[in-house]
Amino acid sequence: TPAVDPEPVSVAGSLGVMPGPVPLVPGADQLGDLTGVKGVAPAAGFAHGFVTDEKGRFRIRGVPPGTLALVVRHEDYVRHRTPPIRLLRGKPGREDLLIKLRPGIALEGLVLDPVKAAVPSVEVAVSSADDPFHHVFRTADAKGRFRIPHLRGALRLELRAPGFVPRVVRVRLTDADAPVKRQTWTLQRARCQLRGWVLDRKQLAVVGARLTLESLTPDAPDRAAAVSDAQGAFRVEGLGKLQYQVTVQHPDHPPQVFPLRCPRPAVKLPLSFGGGLSFV
């Protein structure tokens, strides 16, 4: 039996987020009608997740005019998001919606290091190419294993663990796959470093230059940052053996970009002086 059931949100700090059901339509001031369906009456100002009856039917009243989509969840099926539904003011609502849920596939992953030892506590972020609003987060156990049920289609997984280079992997789950698909991935240890000096064109140290490093390898989204010291020196550790784009910024110089591959010997990054404009 399909269900529309928003997940509760825990709150900390002063983000202005209220615990409880996610609103069906932002700013809606009318409540949904639970007639003929199972579920708890919604709190004021929110449209609660509606649960279908024994025949899979549901009815939601009081939805303001506009464009919306329904998100349908069930423990035995893949999460489904409908195409945009447009409701016009003064027009009767839609009564012909037919939502078909498909059984999902469980993805079991194992994350290892280059010597085939388990990588514990890997953070796994999953996004779907078919539904840009669908994101799933998991943390691997001490043996580097994780399991995510009810998946289907083209998926993007980003794997992150302390001391390792982040990695993006792509998986496609189709009807041809078994109910459980097992995959193994390897993470590269982040043991590379880049060091050097930031100098001006007179070979004098540039103090306080901000360096931003971004990996140019699409499936290794690694980033780092550093600031040059009183001698203009910098050192960035914990990098992968990758090609990086290094952007150097300083108030007295125009931003400049340098491509650097890690590892490499110490490097000197020369900055030119920028011009100025004067208005009278």
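This report covers confidence, nonpolar cores, one sheet and salt bridges in a predicted model.

## Confidence

The mean pLDDT of the chain is 81, and 80% of the residues reach at least 70. Residues 1-48 stay under 50 in pLDDT, and the model gives this stretch 80 contacts beyond four places in sequence.

## Nonpolar cores

The largest nonpolar core consists of 25 residues, and Val198, Leu211, Leu213, Leu239, Val248 and Leu269 have the most contacts inside it. Two or more residues each come from strands E12 (192-200), E13 (210-215), E14 (223-227), E15 (233-239), E16, E17 (253-261) and E18 (267-271). A second core, separate from this one, has 22 residues, among them Leu107, Val119, Val126 and Phe146.

Beyond its neighbours within four places in sequence, Leu239 touches a set of residues that includes Val165, Arg189, Cys192, Leu194, Leu213, Ala224, Tyr244 and Cys262.

## The four-strand sheet

An open sheet is built from four strands in the order E14-E13-E16-E17, with antiparallel pairing. The edge positions belong to E14 and E17; each has a single partner strand, so one side of each has no neighbour in the sheet. On average, neighbouring strands here are turned by 20° against each other, direction ignored.

Five bridges join E13 and E14 in the antiparallel sense, and Thr212 stands opposite Ala225 in E14. Strand E16 spans residues 243-250 and contains His250. The relative accessible area of His250 is 16%, which is under the 20% limit, so this residue counts as buried. Outside its neighbours within four places in sequence, His250 is in contact with Val206, Val207, Gly208 and Ala209.

## Salt bridges

The model has eleven salt bridges. In one of them, Arg189 pairs with Asp113, with the closest N and O atoms 3.0 Å apart. Arg189 is in the loop between strand E11 (180-186) and E12, while Asp113 is in the loop between strand E5 (105-112) and strand E6 (123-128), so the pair ties together parts 76 residues apart in sequence. Arg189 is partly exposed at 31% relative accessible area, whereas Asp113 is buried at 3%.

Glu158 forms salt bridges with Arg156, at 3.3 Å between the closest N and O atoms, and with Arg160, at 2.6 Å. Glu158 is buried, with 15% relative accessibility. Arg156 is partly exposed at 31%, and Arg160 is partly exposed at 34%. Elsewhere, Glu108, Arg147 and Arg182 are joined into one network by salt bridges that share partners.

Note on methods
Residues are numbered from 1 along each chain as its sequence is written. This is a predicted model: local features need pLDDT of at least 70, side-chain atom pairs count only at pLDDT 80 or more; totals for chains, interfaces and linings use all residues. Side-chain values use heavy atoms; hydrogens and water are left out. pLDDT is the predictor's confidence in each residue, from 0 to 100. Contact means heavy atoms within 4.5 Å. Buried means under 20% relative accessible area, exposed over 50%, partly exposed in between (1.4 Å probe, protein chains only). A nonpolar core is a set of buried Ala, Val, Leu, Ile, Met, Phe, Trp, Tyr and Cys residues joined through side-chain atoms within 4.5 Å. Two strands pair if DSSP finds at least two bridges between them. Axes are lines fitted to C-alpha atoms, for helices over the stretch in contact, and angles run from 0 to 180 degrees between N-to-C directions. A salt bridge is a side-chain nitrogen of Lys or Arg within 4 Å of a carboxyl oxygen of Asp or Glu.
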